[in-house]
Amino acid sequence: MKRNEPLINLFGLILIILLAVFTYLALTDGRQGLTMLSADLEQRVSYSYLLKNVTAAGRTENQHGQAEVIPGREGYENGAVNIVTAIVTDYRMLDTFGEILVLFAASAGVSLLMVERKRGKAKEASEIVKTAVPIIMLFALVTGFYIISHGHLTPGGGFPGGAVIASAFILQFLAFQKSSRKKAFKILESLAGIGLLSMGLIGLYLEGSLFANFLPTGPLGATISAAGIMIIYALIGIKVAAELSSISADFIGE
Amino acid sequence: MEAAIIVLGLIMLAGAISVLFQKSLKNAIITFGIVSLISALMFTLMKAYDVAITEASIGALLTIALFFWALRRLEEDGYDEKK
């Protein structure tokens, strides 16, 4: 194995050089020579994503003929104000689904490798920690649900919100030294996974592409708008929270 | 702003290198947590709030908790830090 190490390093170097070339080419326009940032960004597909409509027909324009996005107006492709959310859960949802599968594989691997065994005597948490943790847990849960439910308006969404909810459960494990409801985590996780996949398949059936938005979008910027993104983010949040909690429950053992 | 980002980046670099040379595993884990907290601050300075929230909750809390639980399992199996 040792002999192949220089070869592997060389292969990694070649991959990095290829990546640099691709990054450089994406930022330059072939017709205008090789100067950085000379590409016409308005011609790129990601610029259309910023304007909320990939097709030219649904785009609105102001009096100067420039495309613009108006808060409160209906009929945008997926009524999310947060452009990161719009890309992550609609235009590039397949990538996000892959990320979720990676997290699922990690969770499954941890529960496979972590054999149950008798726990040694751990030092018990102090009275202050035991009293404070339920109160802090409540705040963490509320913050997590807020981050998930406002994913289409403000920064945040399913992944950070799910992680915050999982951190509330980790605090509980830390203070009380026991893992509760291990089975409930697994059931919630599978239900959320089934829900996500069925959202994708319904989009494929109704709109013709996987994870396409098929629900009404509502006025841009309202709390209850972009129904499809809200449902997808709620499912992602439940799945991530259950997975991270079950990973930490496996670590803490029986 | 750029000066702050450069200074914080240098602190992160120093912390990440010092993790490798820590004598005790506990100190290494705590230094690692501080590095990820500073990186969350850097994401906030660079206006990437989505990533900052994730980094603060996963990098600074979850990973550290998992490392400490793994360390406890090691100690149950007879690993001694002082050796």
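Which residues in α7(A) meet which residues in α8(A)? From α7(A) come Lys182(A), Phe185(A), Lys186(A), Leu188(A), Glu189(A), Ala192(A), Gly193(A), Gly195(A), Leu196(A) and Met199(A). Their partners in α8(A) are Ile231(A), Ile232(A), Leu235(A), Ile236(A), Ile238(A), Lys239(A), Ala242(A), Glu243(A), Ser245(A), Ser246(A) and Ala249(A). Contact here requires C-beta atoms, placed from the backbone, that lie within 7 Å.

The model is predicted, with local features needing pLDDT of at least 70 and side-chain atom pairs counting only at pLDDT 80 or more, while totals for chains, interfaces and linings use all residues. Residues are numbered from 1 along each chain as its sequence is written, and chains are lettered from A and ligands numbered from 1 in the order in which they are written.

**The helix pair**

Chain A has 8 helices and 0 strands; these are DSSP runs numbered from the N terminus, with helices (H or I) of at least four residues and strands (E) of at least two. The axes of α7 (residues 182-207) and α8 (residues 227-252) of chain A come within 8 Å and cross at roughly 150 degrees. Such axes are lines fitted to C-alpha atoms, for helices over the stretch in contact, with angles from 0 to 180 degrees between N-to-C directions. α7(A) and α8(A) are therefore roughly antiparallel, a label for angles over 145 degrees.

**The core and the partner chain**

Of the 254 residues in chain A, 31% are buried, meaning that 20 or more other C-beta atoms, placed from the backbone, lie within 10 Å of a residue's own. The largest nonpolar core (buried Ala, Val, Leu, Ile, Met, Phe, Trp, Tyr and Cys residues joined through C-beta atoms within 7 Å) has 47 residues. Among those with the most contacts inside this core are Ile232(A), Tyr233(A) and Leu235(A). The largest share of the core, 16 residues, comes from α8(A). Leaving aside neighbours within four places in sequence, Tyr233(A) touches Thr89(A), Ile148(A), Gly151(A), Gly157(A) and Gly158(A).

Chain B meets chain A too: 19 residues of chain A are in contact with 14 residues of chain B. On the chain A side, α6(A) gives the most, with 8 residues.

The table sorts two sets of residues by class, counting Ala, Val, Leu, Ile, Met, Phe, Trp, Tyr, Cys and Pro as nonpolar, Asp, Glu, Lys and Arg as charged, and the others, Gly among them, as polar.

| Set | Nonpolar | Polar | Charged |
|---|---|---|---|
| Contact of α7(A) with α8(A) | 12 residues | 4 residues | 5 residues |
| Side of chain A that touches chain B | 14 residues | 5 residues | no residues |

Notes: Angles under 35 degrees count as roughly parallel, over 145 as roughly antiparallel, 65 to 115 as roughly perpendicular and the rest as oblique. Two residues are in contact if their C-beta atoms, placed from the backbone, lie within 7 Å. A residue is buried if 20 or more other C-beta atoms lie within 10 Å of its own, exposed if 12 or fewer, and partly exposed in between; C-beta atoms are placed from the backbone.
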